[in-house]
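Let's take a walk through this one together, beginning with its charged pairs and working inward. Keep the viewer open as you read.

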Amino acid sequence: MHVRQSRAYASRVSTKPERSTPPSPSLTERRKAATQLDIARAAAELFTERGPDGTTAEEIAQRAGVALRTFYRYFRSKQDAVAPLLAGGADRWRQQLAATEPGAGVPEALERSIAASLTPESAAEEEGLRWTRGLLRAAAEDPALRAVWYRVNQESEERLREVVAGLAGPDADPLEVRLAAAAATDAIRIALESWAETDAPERGEGAPAALAVRCLRELMGGMRLLRDGSSVA
């Protein structure tokens, strides 16, 4: 990205700390991610239509338009194939939270980012929530699929610790940071699981965003790092 000389000079003399920008993924990495997501969507479609027991890896590969060897290059099992779809929302949420302006309170930042990430703003985001609902319903009868869901949440929680630590500041208690990351992750998990058991809409009362904020407030009540109230509705 080209930056004008005057802005470059200003950034050198400024005392404000700069945020590191992660490198953009290469073309190969983007193609790999796109293929994985195509396979994940095909698996989600088939699981919703037939259930995991009625679906084979060969059928998923065929629906995705890839060879079976390509499927196994990326995934160990048919249940594992839906992980990118389940993890996509958490990835976007962490990115949004990490972009929070310095000095924002941790409780408010968590609530606002959770509410925003679970409120669909496009047809594609609504579809993503519907896929999640279908997969969570299928997971109720499939231990291997539940294990993928729990693994995705565990990995998200581990990555979230660094983001929360950055918001909390260098003097924050590491245990409090870890508890906050766990509370936020579990709030979203429980909200999505509860929503999937109903026919509630994607927005409004009973929707994932409202349920997740409620769960977070219940879970964070006894934590010092998250004790301050928030103005988020």
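Searching the whole structure turns up 14 salt bridges, where a salt bridge is a side-chain nitrogen of Lys or Arg within 4 Å of a carboxyl oxygen of Asp or Glu. Before we look at a few, some housekeeping: this is a predicted model, so local features need pLDDT of at least 70 and side-chain atom pairs count only at pLDDT 80 or more, while totals for chains, interfaces and linings use all residues. Residues are numbered from 1 along each chain as its sequence is written, and side-chain values use heavy atoms, with hydrogens and water left out.

Start with Glu-49 and Arg-63, a salt bridge whose closest N and O atoms are 3.2 Å apart. This pair links distant parts of the chain: Glu-49 is in helix α2 (residues 27-50) and Arg-63 in helix α3 (residues 57-64), 14 residues apart. Helices here (H or I, at least four residues), like strands (E, at least two), are DSSP runs numbered from the N terminus. Glu-49 is exposed, with a relative accessible area of 51%, and Arg-63 is partly exposed at 35%. For these labels, buried means under 20% relative accessible area, exposed means over 50%, and partly exposed is in between (1.4 Å probe, protein chains only).

Now swing over to Arg-151 and Asp-80, a salt bridge with its closest N and O atoms 2.8 Å apart. Here too the pair links distant parts of the chain, with Arg-151 in helix α8 (residues 143-168) and Asp-80 in the loop between α4 (68-74) and α5 (83-98), 71 residues apart. Arg-151 is partly exposed at 27% relative accessibility, whereas Asp-80 is buried at 8%.

For a local example, try helix α7 (residues 123-139), which holds both Glu-126 and Arg-130, four residues apart, or about one turn of the helix. They form a salt bridge with closest N and O atoms 3.7 Å apart, and Arg-130 counts as partly exposed at 41% relative accessibility. There's a bit more to this spot: Glu-126, Arg-130, Glu-202 and Arg-203 are linked in a network of salt bridges.

Charge also meets a ring in this model. The charged end of Arg-133 sits over the ring of Trp-195, 3.7 Å from its centre; the test is that NZ of Lys or CZ of Arg is within 6 Å of the ring centre and within 35 degrees of the ring normal.

On to rings meeting rings. The structure holds three aromatic pairs. Phe-71 and Tyr-72 form an edge-to-face pair, 5.1 Å centre to centre with 85° between the planes. Phe-71 is buried, at a relative accessible area of 0%, but Tyr-72 is partly exposed at 45%. Tyr-74 and Phe-75 also pair edge-to-face, at 6.5 Å centre to centre and 65° between the planes, and Phe-75 is buried at 5%. The rule is that rings of Phe, Tyr and Trp (its six-membered ring) pair if their centres lie within 6.5 Å, with planes under 30 degrees apart counted as stacked, over 60 as edge-to-face and the rest as tilted. Ring pairs link Phe-71, Tyr-72, Tyr-74 and Phe-75 into a cluster.

Phe-71 takes us into the interior as well. In the largest nonpolar core, which has 58 residues, Phe-71 is among those that touch the most other members, along with Ile-60, Val-82, Ile-114, Leu-160, Leu-192 and Leu-216. A nonpolar core is a set of buried Ala, Val, Leu, Ile, Met, Phe, Trp, Tyr and Cys residues joined through side-chain atoms within 4.5 Å. Two or more residues come from each of α2, α3, α5, α6 (106-117), α7, α8, α9 (174-196) and α10 (208-220), and α9 gives the most, with 11 residues. As for Leu-192, leaving aside residues up to four places away in sequence, it touches Leu-118, Leu-129, Thr-132, Leu-136, Trp-149 and Pro-208.

Finally, zoom out. The chain has 10 helices and zero strands, and 40% of its 233 residues are buried. Among contacts (heavy atoms within 4.5 Å) between residues at least 6 apart in sequence, 68% join residues at least 24 apart.
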